[in-house]
Amino acid sequence: MDTSNELLAVISKHFYIFAAAVVALSCMYLAAIERYLQTCRSTYRRIWMTLFRARLIVFLTAVVSSGIRVPFWFSYLAEFERVYSSSTYTYSKQQSTSSSSKSHGTVSNKLCLLNQINCEQSCDNSLPYQACSLNAGCGCLPLSHNNQSSICAFLSISCSELSSCARDNKTCYKPDYTCVKHSRCQTGPVCYPMQMATKSLCPSISSTTVSPMPDDGICDSATWDTNGTTVAGGNGAGSQLNQFHFPSGIFLDDDLNLYVTDGFNHRVVKWEHGSSVGQIVAGGNSEGNQTNQFRYPNGVIVGKNGTIFVCDDGNHRLQMWKKNAGEGETVKTNGSCFGLYIDDEGTLYYSEAIFNSILKLPNDEVIAGGNGQGDHLNQLSIPYYFSIKNRKSLLIADGDNHRIVEWIIGEKEGVVRAGGNHAGHNLNQFYQPMSVVADQSDNLYVADYDNNRIMRWLKNSKSGIVLVGERGEGKEKDQLYRPSQVLLDKHGNLWVNDDMNHRIQMFAIDKSSCRT
């Protein structure tokens, strides 16, 4: 009995020490479990958070029951704050970026700090997997929560080694991981190790490297005459061969012969280069649904063999007119065809504006959109005219989303290249863009329909430059009235379908400032 009483007396005398030791050992044990579960996939993270809360409850209970001194309690709360903060992207060891850091794209330091990435390993306004380093194994991975910025990362990591992001699709619980879109691995965002996005692993492409002059000779400092030359029409609305009545689509062949869908005249007219009148090459037999008729045709394109393809919008069909034929053949029915494009292999693509998708014939394979109408990156909303760049990606005038989207063929979503800031008149906005083309330097030229202007967006820029239409709607040489399509010819001149002025305008390029 005496021995027991002495033992109890010793325990009572040193109670605080024993309590602290038990709590410390418990915390160490639970911390070890936490660190292990942090490395596991997201399905285990709920268990990890439950254990962490249990650890906190155990400790606070011990505080209340044993009276552990306040400084120890504060040290635990500091540990809690550190772990909790790391799960929401606020790490105790942040990498700062100096104002002189050079990025692979044009990324502001503020943006880099907000996204917890090192600007030296960043891309801006780049396509997924786009080259960003001297190391050919590196490519751009878009941040899941910021469509305008990406990390330049080494891509040779097995997909099985990557875990999903948290439910908010922007959080990684492991320190020094960031949440990115990596569609080659899975549809949802994944956590990517930032140690695979270092400058030593992915050395930047030198910004001092002199880019060769593109074949089209269009440099960034090139300018265009703001006064246009009328190359077709311009004689008021009418049905004569020197007139149009709401022209809706244009196409230029290699010899600069111009093909125009003359919407309210229900015909396609060819204007040979330098001619003052056109010649009817399809339709022109009044409005109707017979094989030799159209009803409000839209897009037009001509194949290398002279075959003409026309979006016969009012008849909900796609027509093919062979060279010198007197009537057309129906390629597709029950559609809302608007824009057309033929690639170098002769494959025909068309936009289904009402069904918000771009499709490829002959099997109507969906190339872009097809996920209903909306403004998510896997959706389109009334896509009008489009073009194909370098056989790899589509440039799409996403009309009702007031943006230009680039969509790599084979990918499940696109990237916003210009606009996307709601409808408006500012230089970073569009109001129903209807057409887009790119030069060989990847600068964009956009027909901004309801703003009555043609915009140029230099690659990676945040806003555009007004090339034509600075004074707003009108019929003067420097004005447009609902331009629906823009083309670049082989010299770099701009050709514009000036819809409600019933004319086609050409704006000559001035390359005198370009390096030769």
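Here is a short exchange about how some terms apply to this predicted model.

Me: Let's start with Ile 367. Why is Ile 367 called buried?
Reply: Buried means under 20% relative accessible area. Ile 367 has 6% relative accessibility, so the residue counts as buried. You will find Ile 367 in strand S19, residues 365-369.

Me: What makes a residue a contact of Ile 367?
Reply: The criterion is heavy atoms within 4.5 Å. Leaving aside neighbours within four places in sequence, Ile 367 is in contact with Tyr 349, Ile 358, Leu 359, Lys 360, Leu 394, Trp 407 and Ile 409. Take Leu 394 from that list: Ile 367 and Leu 394 are 27 residues apart along the chain, and their C-alpha atoms are separated by 8.8 Å.

Me: Happy with that. Now, why is Leu 241 called partly exposed?
Reply: The label covers values between the two cut-offs, with buried under 20% and exposed over 50%. Leu 241 has a relative accessible area of 38%, so partly exposed is the right term. Leu 241 sits in the loop between strand S7 (229-233) and strand S8 (247-252).

Me: Which residues join Leu 241 in a nonpolar patch on the surface?
Reply: Val 277 and Ile 280 do, and the three together have about 220 Å² of accessible area. A patch residue needs over 30% relative accessible area, and for Leu 241 the value is 38%.

Me: On to strand S23. Why is strand S23 described as largely enclosed by the rest of the structure?
Reply: Five of the five residues in strand S23 (residues 415-419) are buried, so the description follows.

Me: How do you know that S22 and S23 pair?
Reply: Pairing requires at least two bridges between the strands. Strand S22 (residues 403-408) and S23 have four bridges, in the antiparallel sense. In one of these strands, S23, Val 416 is the bridge partner of Val 405.

Me: What lies between S22 and S23 in the hairpin?
Reply: Six residues do, and Gly 410 in the turn has a positive phi of about 105°.

Me: Stepping back, what does the secondary structure of the protein chain come to?
Reply: Five helices and 31 strands. Of the 516 residues, 51% count as buried.

Me: Where does UniProt place the feature "repeat: NHL"?
Reply: The unreviewed entry gives residues 286-324 and 471-510. In the model, residues 286-324 are 0% helix and 33% strand, with end C-alpha atoms 19 Å apart. Residues 471-510 are 0% helix and 45% strand, and their end C-alpha atoms lie 21 Å apart.

Technical notes:
Residues numbered from 1 in each chain as written. Predicted model: local features only at pLDDT ≥ 70, side-chain atom pairs only at ≥ 80, totals over all residues. Heavy atoms only, no water. Patch = residues over 30% accessible without salt bridge, like charges linked within 9 Å, V, L, I, M, F, W, Y side chains within 5 Å. Areas by Shrake-Rupley, 256 points an atom, 1.4 Å probe, with all protein chains shown as cover. Salt bridge = Lys/Arg side-chain N within 4 Å of Asp/Glu carboxyl O. Helix = DSSP H or I, 4+ residues; strand = E, 2+ residues; numbered from the N terminus. Buried < 20%, exposed > 50% of the residue type's maximum accessible area, 1.4 Å probe, protein only. UniProt positions renumbered as here; feature names shortened; annotations may be inferred.
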